[in-house]
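Visitor: Please choose a single part of this model and take me through it slowly, explaining the terms as you go.

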Amino acid sequence: MRYSRPPLLDPVLRVEGSIFSWSIGKFLVLFGTLLMGAILTVTVVLTYGTVSMYLDQAYSRNAHVRALAQAHEINRLLVAARHDLDYLTRMPLTPEAMTRHLEAKSPEERGRYREIAFQGQTTAERFVLVNTGSTVVSVPLDQILGAKFAIFSGGDQVTGKEVDHIQIGDPMDVVYPSVHVQGTLSALSMHVIRLTAPVYNGEKVMKGHLTLSVDLRSLRDIVSLHTSNQSPLYLFPQESEHKKSFFFDGAGWLLFQSEAPDQRDAELSVDLLRMGLQGDVGRPGFASAFRPGSIHDLYWAMVADIQAGRTGQVLVSKPFLTPAGSDRTLYLSYVPIVFGERPETRRIVGGIGCVDTSFVYMASTYRIAGTLAICLVLGILLSFISMYFIGRRLCRPLEQLREAVEIRASSDDASPLAQGPLFHEINLFQRAINILLMQLQIARTDSLLHEGLLEGDRQRQAVELDKEIYRNPLLDSRLVAMPLYGIVGGSQAVNGLRQQIHKASRVLADVLIVGETGTGKELAAEAIHSVSHRANGPFISINCGALDENLLMDALFGHVKGAFSDAHSERKGAFVAASGGTLHLDEIGNASPKVQQAMLRALSVRRIRPLGSDQDVAFDARIIAATNVDLLQLATTGEFREDLFYRLAVITINTPPLRERKEDIPVLVNYFLEENATLSGGTPCRISRGALEKLTHHDWPGNVRELKNCITRSLAFAEGDLLLAEHILFDERGIETTPEAIRLIETERGGQPTASPMLPPPPMPEGVSAHQEPEVQASLNPRQRKAWPLILRNGLITRTEYQAAVGDSISVRTAQYDLHDLVTKGLLTKTGRGPSSRYLLCQDALV
């Protein structure tokens with residue numbers, strides 16, 4: 001059968017002719033693939049060698065870290081046993097106390113300890129407790145005294161030792177011939193390592209010694225855990241991952257080996273380690289121990305390092321056998337187990353050895369080699385495919401240029417071509433095309449610029465606000481033409497507000513006006529007063545949030561002569577002063593609980609009691625309260641009295657925010673422009689289309705007040721009689737700039753300082769120089785020096801402001817004394833009486 005290759009690859013595989021006549025794509029595919037294959041092969045070989053080296057180091061360190069971790073955990077267990085024994089020596093030395101202490105521990109901690117014994121000076125003071133696994137039982141002394149390797153046999157070693165000395169013994173077998181285990185008498189055998197400490201009384205006289213034994217199976221459980229797949233240092237699953245750890249004492253006797261984690265109750269054994277080794281079996285006190293013979297040099301070199309307190313790692317073919325020839329090498333890591341009998345004395349108890357008998361390293365290198373081989377083949381294949389498609393892409397630049405020119409010719413796109421990277425000749429051709437496209441773009445830009453100038457002219461065109469308002473179907477021209485006592489607008493929201501005001505004015509019930517800041521709550525209150533039958537009476541407005549509790553109480557309820565030190569005459573108070581008219585309580589939500597309680601009583605009985613008076617005074621005033629918060633919500637949280645809310649909210653009126661009636665913005669702008677013209681004595685300023693659209697698209701969090709301030713500020717910075725969009729400056733800080741404030745700023749350049757926090761700080765009084773300031777400071781007490789910068793900045797201060805500036809909760813009497821002292825020194829002058837007293841900075845005080 002004849003082989004036929006795909007037509008797509010035909011021009012690539014054909015190699016006729018000279019190499020200089022080949023296409024760029026064919027050259028890249030053939031020579032580029034060969035070069036990339038050679039580079040990838042060298043890279044793979046070097047990578048395999050480097051990875052194998054570092055992988056060998058990683059497995060070596062992991063094996064050593066595994067041995068270190070086992071030794072660390074065993075040391076921690078012995079240290080914990082040392083602390084427990086030290087704690088037991090300070091407890092009452094009775095079997096009952098020891099039993100309670102042992103039973104109070106968790107089952108895992110209780111299972112570590114098998115014996116607790118105290119050998120006192122007399123037989124009556126001696127006792128032995130044995131943990132059978134389920135209970136703690138007491139063993140008769142006759143069994144103890146007759147047993148081999150009894151628990152009292154090592155007491156002489158600690159006689160005469162210091163208080164903090166704890167002796168650790170050698171691991172041993174212990175057998176109790178008759179012990180109650182789960183209700184029956186049976187023999188109990190165990191493998192333990194005993195810790196013994198001397199016990200002294202308060203006069204440093206030795207009372208005896210206390211022994212605590214640690215179950216060697218607890219140590220075996222530690223090494224078994226670290227050689228299983230449940231180990232914290234477990235790498236990752238492998239087919240033949242097996243590790244074996246073992247424990248040997250300082251004399252070189254192998255005592256136990258690791259087992260499977262589910263064989264925790266298995267007896268201690270070293271059977272697997274003994275296979276193929278020569279040596280001695282059984283030592284006094286530990287029948288199952290095994291000690292390899294002297295022919296095993298690696299083992300005894302390891303024991304010598306352990307006796308010297310050194311850690312190490314050697315390569316073996318089998319445990320304790322030197323590898324030879326092609327034997328598979330294993331890592332044998334060993335770490336000493338050290339116990340501190342005293343803070344300055346360390347004893348080598350034994351050592352931990354860990355042999356990695358798995359094929360993890362070999363399997364890992366095989367997998368790495370296989371992976372790198374696959375990567376090499378894939379890399380060569382991808383290089384061939386990449387070179388092929390790169391060659392095809394390089395052969396198509398002219399076709400792409402042609403397609404791009406055709407697209408621009410059939411559309412209005414005149415952007416320059418940016419095909420690349422290109423060869424030099426094709427790039428010159430592209431530059432020539434881009435010159436033509438640039439000329440086309442210039443012509444198009446001139447056209448767009450002309451259109452932009454037309455749009456700019458439209459944005460600067462003055463708006464006839466009267467016609468704009470008249471043409472808006474959402475505005476009622478009758479409402480626009482007849483504002484209701486400062487309530488300007490013709491929207492449905494304003495119409496609803498005006499209807500509510502007319503309805504509220506026909507009755508005498510108290511009114512609660514709710515609305516956001518700047519929505520005209522006070523104007524609504526004045527409108528209710530003006531259209532009611534009380535219009536001829538007084539309208540008094542009190543801001544409950546601007547005064548502290550005492551000043552507000554005095555302002556509302558008044559005082560009699562002599563009620564306080566500055567009460568040289570009586571004061572009616574707002575409730576009485578508003579009789580026959582209306583009392584407007586603004587920011588009622590900021591009133592203190594004491595003021596709320598007094599208001600509730602006054603509204604309930606329509607009588608007040610001035611400060612210092614014993615007689616109630618009747619008043620006949622309509623109450624209109626205003627707030628920008630949800631009083632009912634404050635009532636649920638306890639910040640406002642619920643009964644006072646229902647007393648005020650007989651009629652509730654909501655003032656709509658400006659963002660919900662943006663159709664009124666042209667009406668309000670026209671009103672404020674005419675108002676500013678009236679105040680300044682000139683003609684109203686006009687507004688451009690762009691400026692009006694900018695105002696309309698703003699969200700106005702400050703509502704009508706913010707709009708008024710914005711118009712006033714824009715008029716101050718505008719040049720000419722036309723407000724443009726760039727003149728409209730939204731104040732992000734929320735600083736109020738009313739016409740009065742603007743004129744005040746302009747006149748303050750050479751005038752008197754002002755106390756308003758909304759305006760820039762006033763200049764230093766005329767005649768005051770910088771070098772005179774320290775002289776003034778020296779004449780003031782610490783409290784006065786603390787408040788003096790505020791006085792210089794504002795030009796005046798009140799008693800409440802002085803208390804706030806000084807802090808430390810000074811009393812009213814102290815504040816009045818300090819302010820009177822400043823008046824006496826000629827630094828301040830006092831104006832007003834009672835709560836309305838103000839202290840002004842003297843202009844010639846520092847001259």
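Guide: What follows is a close look at one sheet and the helix that packs on it, with a short visit to another strand at the end. The model is predicted, so to speak of local features a pLDDT of at least 70 is needed and side-chain atom pairs count only at pLDDT 80 or more, while totals for chains, interfaces and linings use all residues. Residues are numbered from 1 along each chain as its sequence is written, and side-chain values use heavy atoms, leaving out hydrogens and water.

The sheet is open and has 5 strands (a strand is a DSSP run of E of at least two residues, a helix one of H or I of at least four, numbered from the N terminus). Reading across it, the order is β17-β18-β21-β16-β22, and the pairing is parallel, where two strands pair if DSSP finds at least two bridges between them. At the edges lie β17 and β22, each of which pairs on one side only. From one strand to the next, the twist averages 20 degrees, with angles running from 0 to 180 degrees between N-to-C directions of axes fitted to C-alpha atoms, for helices over the stretch in contact. Within the sheet, β18 and β21 run parallel and are joined by 4 bridges; threonine 582 has arginine 622 in β21 as its bridge partner. Helix α15 packs on this sheet, where it touches β16, β17, β18, β21 and β22, and its direction makes about 150 degrees with that of β16.

Turning to α15 itself, which spans residues 521-531, its buried residues (under 20% relative accessible area with a 1.4 Å probe, protein chains only; exposed is over 50%, partly exposed in between) are Lys521, Ala524, Ala525, Ala527, Ile528 and His529. These buried residues pack against several elements, among them α14 (492-505), β16 (511-514) and β21 (622-627), contact meaning heavy atoms within 4.5 Å.

Another strand, β7, covers residues 206-215, and 9 of its 10 residues are buried, so β7 is largely enclosed by the rest of the structure. Strand β1 (residues 113-120) runs antiparallel to β7 and is joined to it by 7 bridges, with glutamine 119 having histidine 209 in β7 as its bridge partner. Strand β6 (residues 184-200) also pairs with β7 in the antiparallel sense, over 9 bridges, and valine 199 stands opposite glycine 208 in β7. The hairpin of β6 and β7 has 5 residues between the strands, and there lysine 204 takes a positive phi near 65 degrees.
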